[in-house]
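These are review notes for a first reading of the model. Please keep the structure open while going through the points.

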Amino acid sequence: MNDQLAGRNLPNPLVKPNGEMISDSLAWLENRSAVKDMLCEHEYGHLPQRPDHLAVEVISTDEDYCASKAVYKKIRLVLTLNQSVFSFPVDYVVPKNGRKHKAIVLINFRGGIPDKYLPSEEICDNGFAVASFCYEDVTSDDGDFTNGVCRQWFPDGKRRGDAAGKIAVWAWAAMCVMDFLLMQEEVDPLNIAVAGHSRLGKTALLAAAMDERFSHAWANNSGCCGAALSRGKAGETIERITKVFPHWFCPNFARYACHEQDLPFDQHALLALIAPRHLYVASAEEDLWADPASEFLSCVAASDAYRLFNLAGLKHGDAFPIPGTSLHEGSIGYHIRNGSHYLSRYDWHEFMKYMSR
Ligand code: GTR
């Protein structure tokens, strides 16, 4: 594994720009904001400022959801930003047994429950609360920055080189859902995960890197500019992703198309920002566009930051894991399953097992 990593020529997030080595957890925590700034400046853009005020409007309540095992609330989060108001809907389901529950924020492709990516009954049966929102209810998945919440920040639709891309905006919205969950007394505030699949897996990683209130991050098949290393990556590359989805990133990121070696970091720096909290990366064997090997190696590389906290990071063997393998012992969890790009029941069950440990 070390040979494979050496071949990628990765910048070390534990070395400061002045060459000083970070060798303990305190120095790492002090340097975190510099690493965050670097990722924002060159790749995702700076996240907009937090709302001045957040209110919750309940649209409907079903006290008898799933044979009365759970409560299902449809709500709107009403955010005040510089004197204007923006709101978006959230679906919230919580088991009905008077206990405090671990919770998951799912950034989803669609609203409403259940959904093919959101098996709400099984999630409750495993003892979790879940709050999910549709990413396009926050802002559209295209280059138009004048709609949804983006209208507040980019009235003429123009962005500076380091301004938020859409991934940063969706991550910002996940942080607002975290604000909501922290107001729910049936939620355990120390066990709240952020999760997403594919482009929304990239988003979940950014949300957890930026917001330490998330105790767990789960990126499913997140690939390029998500969990996967950019240097030496197979499948989707920075050149391709910045051509097809330039709006996901800040304008500065286009510089690195075909020049990943010039980036002052690689994706394991994003993962390292989640240390010492729990990180979970899931790959699929046939998802070669995302490149499972680059997702796995990135977890191995990010483990250095966990070791500063005397944590193992990813506990793995000498070979690349084969499909059907789950590595659940460390503070970084990982699995690879058979099949293609998808957020499956298998993925949910493995993640919930990991988060229940
Ligand atoms: C693909 C994209 C990937 C991934 C995926 C998705 O087309 O190239 O980076 O994010 O979309 O979100 O479904």
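1. Ile107 sits in strand β4. The model is a predicted one, and in it Ile107 has a relative accessibility of 1%, so this residue counts as buried, the cut-off being under 20%. Its contacts beyond four places in sequence are Phe133, Tyr135, Ala174, Val194, Ala195, Gly196, Leu200, Thr203 and Ala204. Ile107 also shows how the chain folds back on itself in space: Arg199 is 92 residues away in sequence, yet the two C-alpha atoms are 9.8 Å apart.

2. His101 belongs to strand β4 as well, which covers residues 101-108. Is His101 buried or exposed? With a relative accessible area of 3%, His101 is buried. The polar atoms of its side chain have partners in the backbone: the oxygen of Arg99 is reached at 3.2 Å, and the oxygen of Gly127 lies 3.0 Å from a polar side-chain atom of His101. Setting aside residues up to four places away in sequence, His101 touches Val94, Pro95, Gly127, Ala129, Glu186, Val187 and Asp188. Gly127 therefore appears both as a contact and as a polar partner, a polar contact being a pair of N or O atoms within 3.5 Å.

3. A second histidine to check is His268, in helix α9 (residues 267-272). His268 has a relative accessible area of 3% and is buried. A polar atom of its side chain is 3.1 Å from the backbone oxygen of Pro11. Pro11 is also among the residues that His268 touches, the others being Leu10, Pro13, Leu229, Ser298, Ala301 and Ala302, with residues up to four places away in sequence not counted.

4. Ala305 is part of helix α10, which runs over residues 292-307. Ala305 counts as buried because its relative accessibility is 1%, and the cut-off is under 20%. Which residues does Ala305 touch, not counting those up to four places away in sequence? They are Leu14, Trp28, Ala272 and Ala275. Ala305 and Asp24 are 281 residues apart in sequence, while their C-alpha atoms are 9.1 Å apart in space.

5. Next, the core. The largest nonpolar core holds 127 residues, and Leu77, Phe88 and Phe133 have the most contacts inside it. Helix α6 (residues 166-182) supplies the largest share of this core, with 14 residues. In soluble globular proteins, nonpolar side chains tend to be buried together. Phe133 was met earlier, as a contact of Ile107.

6. Last, the ligand. The residues around the ligand are Ser198, Arg199, Lys202, Glu236, Ile241, Phe245, Trp248, Trp289 and His341. By class, this shell has four nonpolar, two polar and three charged residues. Arg199 is also the residue paired with Ile107 in the first point.

7. Which distances link side chains to oxygen atoms of the ligand? For Glu236, a polar side-chain atom lies 2.4 Å from a ligand oxygen. For Ser198, the corresponding distance is 2.7 Å. For Lys202, an N or O atom of the side chain is 2.8 Å from an oxygen atom of the ligand. Taken alone, the ligand exposes 320 Å², and the protein buries 80% of that.

Conventions
Residues numbered from 1 in each chain as written. Predicted model: local features only at pLDDT ≥ 70, side-chain atom pairs only at ≥ 80, totals over all residues. Heavy atoms only, no water. Helix = DSSP H or I, 4+ residues; strand = E, 2+ residues; numbered from the N terminus. Buried < 20%, exposed > 50% of the residue type's maximum accessible area, 1.4 Å probe, protein only. Contact = heavy atoms within 4.5 Å. Near = heavy atom within 4 Å. Polar contact = N/O pair within 3.5 Å; in protein donor to acceptor, adjacent residues only side chain to side chain. Areas by Shrake-Rupley, 256 points an atom, 1.4 Å probe, with all protein chains shown as cover. Nonpolar A, V, L, I, M, F, W, Y, C, P; charged D, E, K, R; others polar. Core = buried A, V, L, I, M, F, W, Y, C linked by side-chain atoms within 4.5 Å.
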